[in-house]
Amino acid sequence: MLFTLRRIVQEATQAEGLANVLDLIVQRVREALSVDVASLYLLCPQNEQLTLMASHGLAQGAHLQQYEGLVALVAERAEPVILDNVTGHSRYQRFPGSVEEPLNSFLGVPLLHQRRLLGVLVVQALGEHRFQEDHVAFLVTLVAQLASVISSAEISGELGSGEVQDVGRNILVSGIPGSPGIGIGTAVVYFPDTELEAVPDRNPDSIEDEITLFREAVAQVEVDLLRIKEELSSKLPAEDRALFDAYLMMLSSSSLIDGAVERIKEGNWAPGALRATFLEYQRHFDEMEDDYLRERATDVQDLGRRILEHLLTDGHKRPQYQENTILVGRDISASQLAEVPAEKLAGMVCGSGSGSSHVAILARALGVPAVMGASDLPVARIDGLDVIVDGYQGSIYLRPEKAVRTEFERLAREESELTQGLWSEAKRPAITPDGHTVPVYINSGLKSDLMQAQRSMADGIGLYRTELPFMVRERFPGEVEQANIYERVLRSFPAHPVTLRTLDVGGDKALSYFPIVEDNPFLGYRGIRISLDHPDIFLTQLRAMLQASRATGNLHVLFPMISSMDELDESLALLERARHELGEEGIETPLPRTGVMIEVPSAVYLAEHLARKVDFLSIGTNDLVQYLLAVDRNNTRVAKLYHDDHPAVLCAIEAIVDGAHRAGRPVSVCGEMASDPASMLLLLGAGVDSLSVSVASLPRIKWVIRSFSRQHASEIFTEARRLLDPESIRSLLNNTLIDAGLGALVRAGRH
Ligand code: PEP
Ligand code: MG
């Protein structure tokens, strides 16, 4: 059963076009369950009607309408419905004049995707009592996996086939808000060089050139294979070398190569044509019963990758990013986003991740509107399309109609005017109307260089993530190398506090040269746990930080992921040791300030005790929220459960602030909650002393501080603490901003 399930899902995933996907599903389901009829109905969102989209096993002229009442019943109940005597059911409607024998056994299961009904899958059989629990279990398991495939195929289907650039109606795809703002531009699909499946369709400049390029790549692979075969001739027995003969035969197979050429002629570029043709072949082999033949699917895949490699290195270099690029990818990492020239980037859409993924944090730092977790987006089909990214709502409009485009252009214009106005105000200190100055620092390290203008607006750096210089190298950076980097950072604000956080790798931040493979990386080997296990690496970093601070004396050292007193004691002892050792070497360094990140629930309860040992606390809400709510910050599926404004989060923040203040220490917030104009009102109200925010959000955050007295913010916090669900808290905040004339911060264009 498992094999059959897997095969159906795999085939449906690889099939192209909605009709093919649906047809394949009903055909395979009918075969797998040996039923008389299998049908699939989809719900049309416009009129809320279920429409029969595919059916298998019906005789010509059969009247399926007779069972539509029962199909609707499945949709209404949103659970499996199993019936043994259909004709006796009140929702059955015999079709006048129908002479067919009724399909008396009926089993329908709803297709649910992200809590939304997509449609209903139905199997039917002549005779009674045909369906049992096994059948239900099979279909329920199957549709759970197929729903997202169908949803994606639906969107793909709306894009139409062939010429995807034709002007049609808007297609709206929902994701998760990643970075606020409106981005209007052209989709450029990012795909890794080695992933044939991820290659997008693209219109070529010249079909002729594309065919030549493709044939040359094939010829190159042929030469490579012959050379490898030759080199291995003395080392491998003949039967193993036969693999290369099989490869060479495939390359000379006219169906495979001509198939790709045909697709190029139809208007796809060579890599796209290669993907479509080779995946189709791979699928054929995958479907074979024979184990040996099934294995050939891997060979086709390997061959496809080899040709792709040549196509990308010889012909199609990485895209030249045009003005207003909307970067789109199934997976985009922070370093890939950083590769696109900032002045060309109008937006980003990522098929995975959530608003708290590091790539989303970088998008916010760059001020680039972004949507995350758009898992239904048919990425391969949208390269070159006009796209609007609504980073407020987490929506993407493909091929927007003129009216929609005009409206978003207006919103974007208003937003840009607002931003410009706020930037010009941003140099002024952030003082509340009742006279409290709130230092606003910036987060850095994901974006390397700060402009002078940005520096003049901030009160220092509240979080420098030291892991980025580690991530972009191929080995741990040495002491001098690190000291140079840190000195540059410390000198960027010579007269202000600069907080360098010690290495925080693990979780979703990997070092290629220090691989960590774990079942639960966010609960595993991360941050301070790694540093304390590797005092050599840790001491090198601490020594580098201390030496870097000699000229400016503004170093604040921040320890991440502290979950116990021991960890802090050990960290402080190592810092002291580093300073002592440097002293012995004749290098005197100023005493740094120290701080603890509060981002693990245990640290919330220990806040007062931790605070007594250091100079300040800094709340890392990105992790704190994920650990408090047990919601992986990187997981699209649970992203809707991730809320900065959750009542439990507010309760934790209150406890941290109280604990720190009892110990006489200030609290800052460096998590993304501080960069959100609505949520930061709560932080202000909770008594947080300073904030560390992304550069792009700094003017907005200062605007909010200048608009609300501490007293007012504290009343809002008290009111929010009485509410028990995040949605009510969010509406309270949004309405408060709107009432205060700051509606533009909630939604573009609303003043
Ligand atoms: C946090 O967890 O809130 C934080 C600032 O650190 P990072 O996002 O780098 O984990
Ligand atoms: Mg963190």
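**View 1. Ala 38 of strand β1 stands opposite Val 123 in strand β5 of the predicted model.** Strands β1 (residues 37-44) and β5 (residues 116-125) pair in the antiparallel sense over 6 bridges (strands are DSSP E runs of at least two residues and helices H or I runs of at least four, numbered from the N terminus; pairing requires at least two DSSP bridges). They belong to an open, antiparallel sheet of 5 strands in the order β2-β1-β5-β4-β3. Because β2 (49-56) and β3 (81-83) stand at the edges with a single partner strand each, one side of each lacks a neighbour in the sheet. The twist averages 20° from one strand to the next. Helix α2 (residues 18-33) packs on the sheet, touching β1, β2 and β5, at about 145° to β1 (contact: heavy atoms within 4.5 Å; angles run from 0 to 180 degrees between N-to-C directions of lines fitted to C-alpha atoms, for helices over the stretch in contact).

**View 2. Glu 599 and Asp 623 are the protein donors of the magnesium ion (ligand 2).** Glu 599 (OE) and Asp 623 (OD) lie 2.0 to 2.2 Å from the ion (donors are N, O and S atoms within 2.8 Å of the metal, or 3.2 Å for Na, K and Ca; water is not among the atoms, so sites may look incomplete). Glu 599 lies in the loop between β18 (593-598) and α19 (601-605), and Asp 623 in helix α21 (residues 621-629), 24 residues apart. Both Glu 599 and Asp 623 are buried (under 20% relative accessible area, with exposed over 50% and partly exposed in between; 1.4 Å probe, protein chains only).

**View 3. Arg 526 forms a salt bridge with Asp 623.** The closest N and O atoms are 3.0 Å apart (a salt bridge is a side-chain nitrogen of Lys or Arg within 4 Å of a carboxyl oxygen of Asp or Glu). Since Arg 526 lies in the loop between β16 (498-501) and α16 (528-533) and Asp 623 in α21, the pair ties together parts 97 residues apart in sequence. A network of salt bridges links Arg 526 and Asp 623 with Glu 467, Arg 501, Asp 504, Lys 509 and Arg 633.

**View 4. Helix α23 (residues 679-686) is largely enclosed by the rest of the structure, because 8 of its 8 residues are buried.** Its buried residues pack against elements including α22 (647-662), β20 (667-669) and β21 (690-693). Gly 687, with a positive phi near 100°, follows α23.

Residues are numbered from 1 along each chain as its sequence is written, with chains lettered from A and ligands numbered from 1 in the order in which they are written. In this predicted model, local features need pLDDT of at least 70 and side-chain atom pairs count only at pLDDT 80 or more, whereas totals for chains, interfaces and linings use all residues; side-chain values use heavy atoms, leaving out hydrogens and water.
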